[in-house]
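Subject: Structure handover

Dear colleague,

I am handing over the structure to you here, and below it I have written out what was found. Please keep it open beside this message while you read.

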Amino acid sequence: MIGLLSLALAAMPSGGGSVLERLSDDVLQKVTAAGLEGPIGVAVEAKEAPFSRALGTVLCGRLTRARLSCEVVDAAPEIAVTVAKQHELATLVRLTVTADGTTLFAKGDALETWKNFWAGEQPTRGPRAVAIGLTYELDAEVAALTGVSLTPTPSPAIPLELKLSSLVRWNTQPIALAAGDLDGDKRSELAVLLNEELVVLSPEAKVIARYDLSSAPAASATPREPFGAIAIIQNPPRLVAWSGRRARAEVLALSGNTLKPQGMADSIAVDMLTARLEPGLNRFLPDVQVQGRQTRMPGGFQASSSRNGVMLVVWPDGTGTVTRQLPPTGRIADVGCGSALADVDKDGVPELLVSTARTSGDADELRLLPLSVAEGLATNAQSTRSTTPSWQTTLKGRVIVMTGADLDGDGGEEFVFGTWLADGSGELWVARRVTP
């Protein structure tokens, strides 16, 4: 099955008008061609809130003019269907819009939120749906809304260099790590899983809250080495934490210095992938969802990181894939599970920081690679050691978890990673870009 990332093809629409108008007309055409009915909900996810609001307004206007009543659904894609049903909307249009350079990508789907039960207890048909994948060249209006400059001023390239700082040490290893803004201050808080304790840290690594996950039902089998996953979800901010020793994940909300249970979950968002832990093994099952669409990976995977439509997937055999489509293809050798994508220089293109795939020893190496270099390695099935990195370092312990995080609130990201030391203890580090 082809995931939604592969639907963002260069299929330039025809017709005049602004990009917002053309995008809205193309979505309207797909909705009407699929026979989807109103009332229709429109949920738009974009980095810039003004653009999300503008697109939602224009698209709803186009649908209304076509005699399809419309309502903007202000909710994240993972809960938009539930909100649409609560508002008794028959159809939901979900769009994720990103800008890469001077190109705008619109990806998502339109689907019915109900099933036809008219013939009896069994549904006579399931909900209809249509995938949406559209590409446009930015115009001045959309560039202004998305904060993209169409006439960038050339500047000399500045070499990328990172500086390491230790944030905190524990007497046990960190087994999962996530970052996200939980209090609305535009800085990322950090969530770390230590055995079965979830710890939330401020950007300065001060403990905000703790929560014991051992009350969740036990897993049918537990991994030999500790494993787990954490996700931070917005609108409203919540944490989802899953220990490999547990059969289900817990959903939690941060209130002051307390994590309050909000229920259980059977899957967890690993950046763009929604996945399940594989019982008894330190990896995720290959069946995943992307933007609500089911797809199957080539096998179980250990870690995933995504930025601006680019995804890193780390496999148990010590290889990694950098891809813009699913299922992913191409492998880079010598990529450890403590690897991630992050935009450290604020140019909209992520960098890749990789650890080694070694499973023993008291030292590990980190290599920083530009995205273009990483994609070339994946295409040619080469190793991270076959190229000269932008920056590299060696440090004690094994790097086993990593994420990108904007700890400073300046729009650029830092790499945050956790190490497992030879004595069984763990340490949390941050790698910040050194600016001239």
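A good place to begin is Asp345, which, leaving out residues up to four places away in sequence, touches Leu160, Glu351 and Arg433. Please bear in mind throughout that this is a predicted model. Asp345 sits in the loop that runs between strand S23 (340–342) and strand S24 (351–354), and because its relative accessibility is 21%, it counts as partly exposed, the cut-off for buried being under 20%. Although Asp345 and Thr435 are 90 residues apart in sequence, their C-alpha atoms are 9.2 Å apart in space.

A second loop residue to look at is Arg224, which belongs to the loop between strand S10 (207–212) and strand S11 (228–233). Is Arg224 buried or exposed? With a relative accessible area of 81%, Arg224 is exposed. Its C-alpha atom is 9.8 Å from that of Gly244, a residue that is 20 places away from Arg224 in sequence.

Next come the cores. The largest nonpolar core has 29 residues, and the members that touch the most others are Leu23, Val27, Leu55, Val93, Leu95, Val97 and Leu104. Two or more residues of this core come from each of helix H1 (19–33), strand S1 (40–46), helix H2 (49–65), strand S3 (91–100), strand S4 (103–112) and strand S5 (129–137). If you select Val93 and set aside its neighbours within four places in sequence, you will find it in contact with Val27, Val31, Ile40, Gly41, Val42, Ala43, Leu59, Asp109, Ala110 and Ile132. There is also a second, separate core of 23 residues, which includes Val240, Phe301, Val313 and Leu326.

The two helices that contribute to the largest core can be looked at as a pair. Two packed helices are described by the angle between their axes and the distance between the axes. For H1 and H2 the angle is about 50° and the axes are 9 Å apart, and the two helices are therefore oblique to each other. The crossing in which H1 passes H2 is right-handed. On the H1 side the contact is made by Leu20, Glu21, Leu23, Ser24, Asp25, Val27 and Leu28, while H2 supplies Phe51, Ala54, Leu55, Val58, Leu59, Arg62 and Leu63. Sorted by character, the residues of this contact are 10 nonpolar, 1 polar and 3 charged.

Finally, some details of the backbone deserve a careful look. Most residues other than glycine have a negative phi, and most peptide bonds are trans. Where, then, is the peptide bond cis, with omega near 0°? That bond runs from Gly38 to Pro39, and Pro39 lies in the loop between H1 and S1. Another cis peptide bond joins Asn235 and Pro236, with omega about -10°, and Pro236 is found in the loop between S11 and strand S12 (238–243). Asn235, which is in the loop between S11 and S12, also has a positive phi, of about 55°, although it is not a glycine; with a relative accessible area of 48%, Asn235 is partly exposed. Ala205, in the loop between strand S9 (197–201) and S10, likewise has a positive phi, near 70°, in a residue other than glycine, and at 9% relative accessibility Ala205 counts as buried.

With best wishes

Conventions:
Residues numbered from 1 in each chain as written. Predicted model: local features only at pLDDT ≥ 70, side-chain atom pairs only at ≥ 80, totals over all residues. Heavy atoms only, no water. Core = buried A, V, L, I, M, F, W, Y, C linked by side-chain atoms within 4.5 Å. Buried < 20%, exposed > 50% of the residue type's maximum accessible area, 1.4 Å probe, protein only. Helix = DSSP H or I, 4+ residues; strand = E, 2+ residues; numbered from the N terminus. Contact = heavy atoms within 4.5 Å. Axes fitted to C-alpha atoms, helices over the stretch in contact; angles between N-to-C directions. Parallel < 35°, antiparallel > 145°, perpendicular 65-115°, else oblique. Left-handed = near helix turned anticlockwise from the far one by under 90°. Nonpolar A, V, L, I, M, F, W, Y, C, P; charged D, E, K, R; others polar.
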